[in-house]
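Colleague: I'm new to this one, so could you walk me through a single part up close? I'd like to hear about the ligand and what sits around it.

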Amino acid sequence: MSDLRTRFEAAFMPNYGVPPVALARGEGCRVWDTAGREYLDLIAGIAVSSLGHGHPALVEAVSAQAAALAHTSNLFLNEPEVLLAERLRELLGGDGRVFLANSGTEANECALKLAIKYGKQNGRSYFVAAENGFHGRSLGALSLTGKASIREPFGPFAIDVRFVPYGDAGALKASVDEDCAAVFLEPTQGEAGVVPPPDGYFTAAREICDAAGALFVADEIQSAIGRTGTWFAFEHENARPDVITLAKGLGGGLPVGACVAFGPHGDLFAKGDHGSTFGGNPVAAAAALAVLATIEKDGLLAHAVSVGEALASGLAAIEHPLLAGVRGRGLWRAAVLTGPHAAAVEAAARDAGFLINALQPDALRIAPPLVLTAGQARSFTDAFPSILDAASPGQEG
Ligand SMILES: *Cc1c(COP(=O)(O)O)cnc(C)c1O
């Protein structure tokens with residue numbers, strides 16, 4: 001393991017830092033490191049491995065498709081990509097048009113190009129996004145990303161983006177006028193610390209965009225595909241966006257992203273306006289179809305609600321000087337700390353056999369596979385007080 005870490009450090013660019021654990025295999029919600037040590041996976045590769053690890057439906061779909069045909073490019077169509085686009089349209093209400101990509105960032109690039117085109121057609125020149133929001137690392141997606149520490153080192157950017165405080169409908173309204181091409185928002189801010197907006201914010205954003213004629217783009221890359229207990233997080237409010245972007249949990253671990261635009265916005269691109277060599281890859285599409293079918297067949301939306309509630313109430317019941325509370329929805333939660341102890345708590349959790357993620361100095365992300373059992377959630381909430389003890393100042397090392 002230390003050898004792998006040394007080799008990683010020598011071979012890779014230093015953008016990530018060296019991860020503490022090298023994982024070798026997984027089964028359900030459990031993973032094993034290269035030394036054979038077992039962990040309960042409560043992060044799912046950043047809300048990605050929705051069916052857990054080694055799920056037979058995913059293994060079967062991916063293996064069969066890889067054996068039959070692994071790639072076509074968009075010079076040829078393939079049935080899995082068509083089935084996936086049809087299934088996404090069905091889940092989203094029928095009038096969506098789909099672009100398939102390979103990541104969240106690329107899904108957002110597609111949405112941004114649609115919005116730029118919409119803006120040019122209608123004489124609209126600027127974009128609105130939220131402070132502390134995260135939309136990806138490519139230059140388009142980064143220009144929409146509100147987290148200044150990752151955006152500013154790479155500016156200036158080609159488009160005019162105005163940032164508003166997240167969750168403040170009044171500030172949003174004041175910033176969106178007839179010159180605004182599009183508003184990009186996460187239904188809950190993921191990377192900012194699993195921060196939900198006040199109730200009614202998405203509905204207000206929908207109304208503000210309608211009134212000004214701006215496109216409303218929902219970045220559901222982290223929030224969709226059952227993570228909050230519904231297929232899409234926008235369903236919690238009566239506020240369907242004009243464009244939605246998906247990735248993370250959609251492929252269950254295979255790289256796939258999607259941008260879906262509704263009604264007339266689905267026809268914004270003309271032939272030649274956008275493309276991707278790997279987009280619509282049949283193996284990735286087969287994986288996504290297996291994820292969607294399994295979530296439906298196994299009732300994983302309702303399961304995410306009930307296990308998510310148990311997880312949250314278990315955490316909320318803990319009284320500890322380090323723990324301030326819990327926020328989030330479904331199987332997407334943050335344990336909020338009273339101070340900047342998240343890195344210490346993440347390390348103590350790992351020592352106790354649980355993988356969670358220090359997302360902010362004072363917040364830990366818990367985003368397990370949707371197949372997490374109530375018993376597994378309980379094992380974590382039972383262990384969490386002693387994890388917090390071990391991470392308490394004076395206890396470290
Ligand atoms: C992860 C994430 C992205 C970027 O997705 P990648 O697959 O890493 O490119 C964009 N938006 C949100 C909300 C995300 O959580």
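Modeller: Quick bit of vocabulary to begin with: helices (H or I, at least four residues) and strands (E, at least two) are DSSP runs, numbered from the N terminus. Keep in mind, too, that this is a predicted model.

Now, the ligand. Around it you'll find S103, G104, T105, N108, F134, H135, G136, E186, D219, I221, Q222 and K248. If you sort that shell by character, you get two nonpolar residues, seven polar and three charged. As for the elements, α5 gives the most to the shell, with three residues.

Let's zoom in on some polar atoms. K248 brings a polar side-chain atom to 2.6 Å from an oxygen atom of the ligand. With G104, the backbone is involved: one of its N or O atoms lies 2.8 Å from a ligand oxygen. F134 also uses a polar backbone atom, which is 3.3 Å from a nitrogen atom of the ligand. As for cover, the ligand taken alone exposes 380 Å², and the protein buries 82% of that.

While you're looking at α5, here's another spot where that helix turns up: the second largest pocket. Its lining takes two or more residues from each of α4 (79-92), β4 (96-101), α5 (104-122) and β10 (257-262). The pocket holds about 680 Å³ of space. Its lining counts 26 residues, and those nearest the centre are V98, F99, L100, F269 and H274. By character, the lining splits into 11 nonpolar, nine polar and six charged residues.

Definitions and conventions. Residues numbered from 1 in each chain as written. Predicted model: local features only at pLDDT ≥ 70, side-chain atom pairs only at ≥ 80, totals over all residues. Heavy atoms only, no water. 1 Å grid on protein atoms, 1.4 Å probe; cavity = no way out; pocket = protein on both sides within 12 Å on 5 of 7 lines; lining within 4 Å. Points joined across faces, edges and corners; volume = space filled by probe spheres on them. Nonpolar A, V, L, I, M, F, W, Y, C, P; charged D, E, K, R; others polar. Near = heavy atom within 4 Å. Polar contact = N/O pair within 3.5 Å; in protein donor to acceptor, adjacent residues only side chain to side chain. Areas by Shrake-Rupley, 256 points an atom, 1.4 Å probe, with all protein chains shown as cover.
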